[in-house]
Amino acid sequence: MSDCCNDKACEIELLRERQSNLLKIVLGVNLVMFLVEFAAGVIAASTSLMADSLDMLGDAIVYGFSLYVVARSDRWKSGAAFSKAAIMAIFGLFVLAEASWKFLHPVTPAYEIIGFVGLIALAANGFCLFLLTRHRDDDVNMRSVWLCSRNDIIANVSVLVAAVGVYMTASQWPDLVIGLLIATLFLRSAWFVANDAWDTFHATSEREDARSSLL
């Protein structure tokens with residue numbers, strides 16, 4: 001009898017199990033950090049922190065979708081990726097609206113809170129990215145998850161830049177600009193994930209049509 005690990009079906013099952021366990025970890029990390037960052041963003045009156053917290057919430061939802069479809073077909077995975085793209089786009093538009101409000105009602109945020117919480121978020125997301133990197137080329141599902149985590153690192157560094165900028169200028173503008181940049185990153189990633197999902201959906205449909213024509 002051949003060893004289980006030499007069997008293709010067994011290898012796929014082991015891969016899915018590893019993906020599921022990994023997604024559960026990063027889902028938990030992002031949910032906790034969403035609560036921490038959102039509360040800190042409200043207390044500090046920080047657009048950048050609130051934008052980053054929504055990024056965390058979006059990622060938690062994304063990881064939930066990814067966990068649900070990890071053992072399903074590419075068609076399901078492409079559908080989940082479309083949902084992720086929609087969530088990213090909605091959060092990006094929300095941050096744009098919040099930033100517009102701050103333009104009309106300016107307030108200088110607390111740079112100490114922004115910097116401290118930003119460092120914690122960077123450490124948390126660095127851990128998640130480290131775990132996800134080895135699985136980023138598994139499929140469209142894990143690619144979109146890895147992209148979300150990579151964007152988190154960029155957003156976290158940007159939040160730290162905002163903290164320094166607010167400290168140096170004693171104004172809301174660095175925080176507001178960074179919040180807008182994070183919103184732009186949301187929208188750009190939404191476009192990228194949607195395109196990747198469409199390519200996968202189209203390729204899957206072509207394979208299924210080809211199989212149907214042979215029957």
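A cavity is a set of points, on a 1 Å grid over the protein atoms alone, where a 1.4 Å probe fits but cannot get out; lining residues have an atom within 4 Å of a point. Grid points are joined across faces, edges and corners, and a volume is the space filled by probe spheres set on the points. The model described here is predicted: local features need pLDDT of at least 70, side-chain atom pairs count only at pLDDT 80 or more, and totals for chains, interfaces and linings use all residues. Residues are numbered from 1 along each chain as its sequence is written, and side-chain values use heavy atoms, with hydrogens and water left out.

**Cavities**

Two cavities of 30 Å³ or more are counted. The largest cavity has a volume of about 120 Å³. Its lining consists of 14 residues, and Asp55, Asp59, Met88, Asn151 and Phe186 are the ones nearest the centre. Two or more lining residues come from each of the helices α2 (47-69), α3 (74-104), α5 (140-169) and α6 (173-214). Helices here are DSSP runs (H or I, at least four residues), numbered from the N terminus. With five residues, α2 provides the largest share of this lining.

The second largest cavity holds about 30 Å³ of space. Its lining is made up of Thr47, Met50, Ala51, Leu54, Phe94, Val95 and Glu98. The elements that give two or more residues to this lining are α2 and α3, and α2 gives the most, with four residues.

The linings can also be described by residue class: Ala, Val, Leu, Ile, Met, Phe, Trp, Tyr, Cys and Pro count as nonpolar, Asp, Glu, Lys and Arg as charged, and the others, Gly among them, as polar. The lining of the largest cavity has nine nonpolar, three polar and two charged residues. For the second largest cavity, the lining has five nonpolar, one polar and one charged residues.

**Salt bridge in α3**

Side chains of opposite charge can pair when their charged atoms come close. A salt bridge is a side-chain nitrogen of Lys or Arg within 4 Å of a carboxyl oxygen of Asp or Glu. The structure holds one: it joins the side chains of glutamate 98 and lysine 102, at 3.2 Å from N to O. Both residues lie in helix α3, four residues apart, about one turn of the helix. Glutamate 98 and lysine 102 are both buried, where buried means under 20% relative accessible area, exposed over 50%, and partly exposed in between (1.4 Å probe, protein chains only). Glutamate 98 is also one of the residues lining the second largest cavity.

**Surface patch and loop residues**

Tyr111, Val164, Tyr167 and Met168 form a nonpolar patch on the surface, with about 450 Å² of accessible area together. Such patches are made of residues with over 30% relative accessible area and no salt bridge, with nonpolar side chains (Val, Leu, Ile, Met, Phe, Trp, Tyr) joined within 5 Å. Accessible areas come from the Shrake-Rupley method with a 1.4 Å probe. Helix α5 gives the most to the patch, with three residues. Valine 164 is found in α5.

Alanine 45 has a positive phi of about 55 degrees although it is not a glycine. For alanine 170, phi is near 55 degrees, again a positive value in a residue other than glycine. The table gives places and accessible areas.

| Residue | Place | Relative accessible area |
|---|---|---|
| Valine 164 | helix α5 | 45%, partly exposed |
| Alanine 45 | loop between α1 (8-44) and α2 | 22%, partly exposed |
| Alanine 170 | loop between α5 and α6 | 57%, exposed |

Definitions and conventions. 1 Å grid on protein atoms, 1.4 Å probe; cavity = no way out; pocket = protein on both sides within 12 Å on 5 of 7 lines; lining within 4 Å. Patch = residues over 30% accessible without salt bridge, like charges linked within 9 Å, V, L, I, M, F, W, Y side chains within 5 Å.
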